[in-house]
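Here are a few exercises to work through with the structure open beside you. Try each task before reading its solution.

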Amino acid sequence: MAAGMLEQPPPRAILRACLGGMLPLDDKSRIGHRVSAAYFARAVHDEELRTEAREGIPKLAAFFANLLRQAQDRGEIAADRDPDTEAMLLISLADGLTAYTLLDVQTPERAEELLDQHLGRLFTPADDSPERP
């Protein structure tokens, strides 16, 4: 590695940082997510806002899917996992955790625990050991 260049963090760390940043974990981010909820409610009835979502979410999903492919190449995720599907599931997980945290169904700490549990399951390569009798 050239002097002064930093090594890129592993895909799991990047995903965790991104997904954690999507959660309302403190008062400041809760306010931002309440504004986002109002935006979402308006977008349901506003074609222009829905178009923005239809264009933006696939870009985020593609970014996540690329990270998941990198993790597969590194042997960190089972090869039979579909990165595109897993990317949308991660976005959906973050959205659901956000909604339930805003509604006080769960605490921010629990939302992070659930996120980490899911990533732990996702970042478990396929078991290549022989089947037991």
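**Exercise 1. The whole chain**

Of the 133 residues of the protein chain, what percentage count as buried? Describe the secondary structure and the overall dimensions too.

Solution. Keep in mind that this is a predicted model.
- Step 1: the share of residues that count as buried is 29%.
- Step 2: the chain has 5 helices and 0 strands, so its elements, read from the N terminus, follow the order α-α-α-α-α.
- Step 3: along the principal axes, a box of roughly 50 × 45 × 30 Å holds the C-alpha atoms.
- Step 4: take the contacts between residues at least 6 apart in sequence; 67% of them join residues at least 24 apart.

**Exercise 2. Helix α1 against helix α3**

Work out how α1 and α3 are oriented relative to each other, and which residues make their contact.

Solution. Two packed helices are described by the angle between their axes and the distance between the axes.
- Step 1: for helix α1 (residues 11-21) and helix α3 (residues 47-73), the axes come within 9 Å and the crossing angle is roughly 155°.
- Step 2: angles over 145 degrees count as roughly antiparallel, and α1 and α3 are therefore roughly antiparallel to each other.
- Step 3: the crossing of α1 past α3 is left-handed.
- Step 4: on the α1 side, the contact is made by P11, I14, L15, C18 and L19; α3 brings F63, F64, L67, L68, Q70 and A71.
- Step 5: sorted by class, this contact has 10 nonpolar residues, 1 polar residue and no charged residues.

**Exercise 3. Helix α1 against helix α5**

Now repeat the analysis for α1 and α5, giving the angle, the handedness and the residues in contact.

Solution.
- Step 1: α1 and helix α5 (residues 108-122) pack with their axes 11 Å apart, at an angle of about 150°.
- Step 2: that angle makes α1 roughly antiparallel to α5.
- Step 3: here the crossing is right-handed.
- Step 4: R12, R16, L19 and G20 of α1 meet E112, L115, D116, L119 and G120 of α5.
- Step 5: the contact of α1 with α5 divides into 3 nonpolar, 2 polar and 4 charged residues.

**Exercise 4. What covers α1?**

Which residues of α1 are buried, and which helices are included in what covers them?

Solution.
- Step 1: the buried residues in α1 are P11, I14, L15, L19 and G20.
- Step 2: their cover includes α3, α4 and α5.
- Step 3: go back to the contacts above. L19 of α1 takes part in the contact with α3, and L19 also appears in the contact with α5.

**Exercise 5. Two residues to classify**

Is E86 buried or exposed? Is F40 buried or exposed? Place each one in its helix and look at its surroundings.

Solution.
- Step 1: E86 lies in helix α4 (residues 83-102).
- Step 2: E86 counts as buried because its relative accessibility is 9%, and the cut-off for buried is under 20%.
- Step 3: leaving aside residues up to four places away in sequence, E86 touches L68, R81, H118 and L122.
- Step 4: with one of these, R81, the side chain of E86 makes a polar contact of 3.1 Å.
- Step 5: F40 belongs to helix α2 (residues 27-43).
- Step 6: F40 counts as exposed because its relative accessibility is 58%, and exposed means over 50%.
- Step 7: from F40 to M22 is 18 residues in sequence and 15 Å in space, C-alpha to C-alpha.

Terms used
Residues numbered from 1 in each chain as written. Predicted model: local features only at pLDDT ≥ 70, side-chain atom pairs only at ≥ 80, totals over all residues. Heavy atoms only, no water. Helix = DSSP H or I, 4+ residues; strand = E, 2+ residues; numbered from the N terminus. Buried < 20%, exposed > 50% of the residue type's maximum accessible area, 1.4 Å probe, protein only. Polar contact = N/O pair within 3.5 Å; in protein donor to acceptor, adjacent residues only side chain to side chain. Contact = heavy atoms within 4.5 Å. Axes fitted to C-alpha atoms, helices over the stretch in contact; angles between N-to-C directions. Parallel < 35°, antiparallel > 145°, perpendicular 65-115°, else oblique. Left-handed = near helix turned anticlockwise from the far one by under 90°. Nonpolar A, V, L, I, M, F, W, Y, C, P; charged D, E, K, R; others polar.
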